[in-house]
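Colleague: I would like to go through this model with you slowly and ask how each label is earned. Could you show it first?

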Number of protein chains: 2
Amino acid sequence: MARPTPVSGFPEWLPAGRLVEQAIIDRLRGTFELWGYSGLETRAVEPLEQLLSKGEIDKEVYVLRRLQADADDPLDASGLALHYDLTVPFARYVVENSGRLHFPLKRYQIQKCWRGERPQEGRYREFLQADIDVVGLGDLPFHYETELPVVLAEALSGLPLPPVRMQVNNRKVSQGFFRGLGLEDLGGVLRTVDKIDKIGPVEVARLLQADLGATAGQAEAVLAFASIQAADGSVADRVAALGVADPLLDEGMGELVGVVEAARAAVPGFLVADLKIARGLDYYTGTVYETQLVGHEALGSICSGGRYDTLASDGDVRYPGVGVSVGVTRLVSRLLGQELVTSSRGVPTCVLVAVVAEDQRAASDRTAAALRRRGIAAEVAPRADKFGKQIRYADRRGIPFVWFPSTEEPTAGEVKDIRSGEQVPAVSDEWQPPAADLQPHLVAPDTTGD
Amino acid sequence: MARPTPVSGFPEWLPAGRLVEQAIIDRLRGTFELWGYSGLETRAVEPLEQLLSKGEIDKEVYVLRRLQADADDPLDASGLALHYDLTVPFARYVVENSGRLHFPLKRYQIQKCWRGERPQEGRYREFLQADIDVVGLGDLPFHYETELPVVLAEALSGLPLPPVRMQVNNRKVSQGFFRGLGLEDLGGVLRTVDKIDKIGPVEVARLLQADLGATAGQAEAVLAFASIQAADGSVADRVAALGVADPLLDEGMGELVGVVEAARAAVPGFLVADLKIARGLDYYTGTVYETQLVGHEALGSICSGGRYDTLASDGDVRYPGVGVSVGVTRLVSRLLGQELVTSSRGVPTCVLVAVVAEDQRAASDRTAAALRRRGIAAEVAPRADKFGKQIRYADRRGIPFVWFPSTEEPTAGEVKDIRSGEQVPAVSDEWQPPAADLQPHLVAPDTTGD
């Protein structure tokens, strides 16, 4: 075949890059399971009308067609499309299986999604998302809205990333404030405020007056409100100082302070209340979350979500929930692209077992098997080349150790740390690498010394 | 929404079923990494012409179309389709990135594939495959053909499955034998022999004579050849007894005996030479593998593959390889459908921390945090219900332990094993569950007693 070229918007990683992505996935999954979230996967496809009925017309949907489709076959007649997020499929899964699920249901889901958007940095046509949601039957206690930021903070704090900061707001706070201020098109105001980082406060004020009938004083109050940031309960005092009274505002502020204070106690420094956060999606009804990689704000949010009361329903039964979605591909592409994180080695292998001569390969196989039995990843050199060439095989891949089997004692040999050059006698069913070398792990290159 | 119904051919599991699938994936991945295989993922799509040029016309391909496609946009002009296996995408990836990869490249890849086939048991339109391949630059030593069965045997033997048996053959053995016998359409004979389990030896003999110009004696010799099975090097003697001489047969028999003897030494009882194994695909050139779940042979092979010399090439450079592909969905659907394996519990949670009263929820949160810090998966009860109801929450999910926090001592409490009813005092930063309860694990229900 002619050398193929990448398909724009469908990123792929080299083996060392995949190790970085896999370590991040493992950390997320491990934390989610530690908190009792069940792993689920849904099929990649949903009925097209289902996806479109969610009103996400801005998300360009990929439709599937069988090359050998048969118009008379009911399996082909109903249009299928690739899911563009994991929330809509999960809502469908909950309604479909509700009689066989236990509520509240805590689930995580780590899968690819597809959107036919114009590719650019941080936006891809195929991308990996890692979602957690808690869904109730009929109702869902508020405290799960305080749990999610703590789970995410724990997951991300175990990774050598740039600092991560979560911003939260509450729909009831925004809508109550705008209503108490006398504004009417609350959704319109919310969507306009959502643009503040893109178009700036002056333009937001102009739009509020030109399009949404706000007075200059109302626009000014909205901007004052949207400028409030606080890492503790003082957010309530600062809003109160704006002199707007509304029962929905009071209810939402109680929840917002609850989220901020719970995060301040459990994961100090991770979360701030930021009242300009709006989230575009209509279905949020309470807490909303966005998350920035500090120093990389232009990348966009790497973890967003919120509380929804009405995403899924089945006749009389509602399934309210709260969830967040980590943009794994967005995060990993930045980490790899700017070399913010690397893997300690390029392959899983800890030890390359050298081959003395091709007719003694079985001895090397036995050494490798002995190491693997004790959880030490080992492979045997592909050829009985000169030892220098076998060492280069390890060096190119970042394999830290090369084992030279003894030609006399089956379990004996010498093991060389090819980073230091140190070589010591060893026994294959006893030798242990330093704990830090057992598995590949993430490393943040030290940029301070450069 | 109205209650949705499943889409035929796109299976989904309940949380407890996903735990079974995840445990199998984890075991495969863990073993692959222990042997030094690098994890890779490729995009879900390939250019349509690329997929069709592989001649796999029997695999019905799903074509993608953007709902808002723009005919003038080069990103939309080139047709994209979902991959139907992981071998073709991997071959493309190798050629595309060859300058940045190290050879021989050992890689595993665990991803969904899509085929628009008529769904039936063991065949799905969306299914998970777990592949390992070793690919060389220019050439690839034979010993990797002996490695793959050992890797697979180790991976599968760690799971409580019905017995697994791998059958191997070698293309050179079959083709050399047929040629030495005087037959001409070697591919045709191979494809006819491949049908022996479906249509029986009598019909195979008839087809060989009617369609492929074999004499009755040649057909009889082919059947005698195809009936040979041996778990050791005696396979060579049994073929020799048929009195056919051919240099390709000799070369292939040396390899086949090498694979059988290596497996017999490393993983006794796992592998047999079975000379009726042919594998339909044209690109295999040496060892071919199939794998049966003993007692479930009608399910089809759960792990197939072989040696290929020419799948990928880039002008003058060839990338020969050897690989096998585990049909994870085929395996898991049988295991779940016949309840051959279950998960020891339905959720990751080891301990449910009860809530004494809603205003003491923070105490339960701290207890759960202390357990999680030591790697014990813990969640806090959703509501401060009566303890009986909180225990039922755990019981329904199979959570083995419920922790009742002390209202006086922050780290103290009592922990109840809800299976035995035993309840003991415990301290949250010291208590340890039995090792078998730390993580959910696979259990094969004991059917011998029924």
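Modeller: Let us begin with a definition: a salt bridge is a side-chain nitrogen of Lys or Arg within 4 Å of a carboxyl oxygen of Asp or Glu. Please keep in mind that this is a predicted model. Across the interface of chain A and chain B, that rule finds 12 salt bridges.

Colleague: What makes A:Lys112 and B:Glu41 a salt bridge?

Modeller: Their closest N and O atoms are 2.9 Å apart, and the rule asks for a distance within 4 Å, so the pair counts as a salt bridge. Polar contacts are found across the interface of chain A and chain B as well, in 36 residue pairs.

Colleague: Which helix of chain A gives the most to the side that touches chain B?

Modeller: That is helix H1, residues 15–34, which gives seven residues. By class, this side of chain A has 47 nonpolar, 20 polar and 31 charged residues.

Colleague: How many residues does each chain bring to the contact, and how much area is buried?

Modeller: Chain A and chain B bring 98 residues each, and between them they bury about 8,400 Å², with 53% of it on carbon and sulfur atoms.

Colleague: Why is A:Cys350 called buried?

Modeller: Its relative accessibility is 0%, and buried means under 20%, so A:Cys350 counts as buried. B:Cys350, also at 0%, counts as buried because it falls under that cut-off.

Colleague: How many disulfides does the structure hold over all chains?

Modeller: It holds zero, which means that no pair of cysteine sulfur atoms lies within 2.5 Å.

Terms used
Residues are numbered from 1 along each chain as its sequence is written. Chains are lettered from A and ligands numbered from 1 in the order in which they are written. This is a predicted model: local features need pLDDT of at least 70, side-chain atom pairs count only at pLDDT 80 or more; totals for chains, interfaces and linings use all residues. Side-chain values use heavy atoms; hydrogens and water are left out. Buried means under 20% relative accessible area, exposed over 50%, partly exposed in between (1.4 Å probe, protein chains only). Contact means heavy atoms within 4.5 Å. Buried area is the accessible area (1.4 Å probe) that two parts lose on being put together, summed over both. A polar contact is a pair of N or O atoms within 3.5 Å; within protein, one must be able to donate a hydrogen and the other to accept it, and residues adjacent in sequence count only if both atoms are side-chain atoms. Helices (H or I, at least four residues) and strands (E, at least two) are DSSP runs, numbered from the N terminus. Ala, Val, Leu, Ile, Met, Phe, Trp, Tyr, Cys and Pro count as nonpolar, Asp, Glu, Lys and Arg as charged, and the others, Gly among them, as polar.
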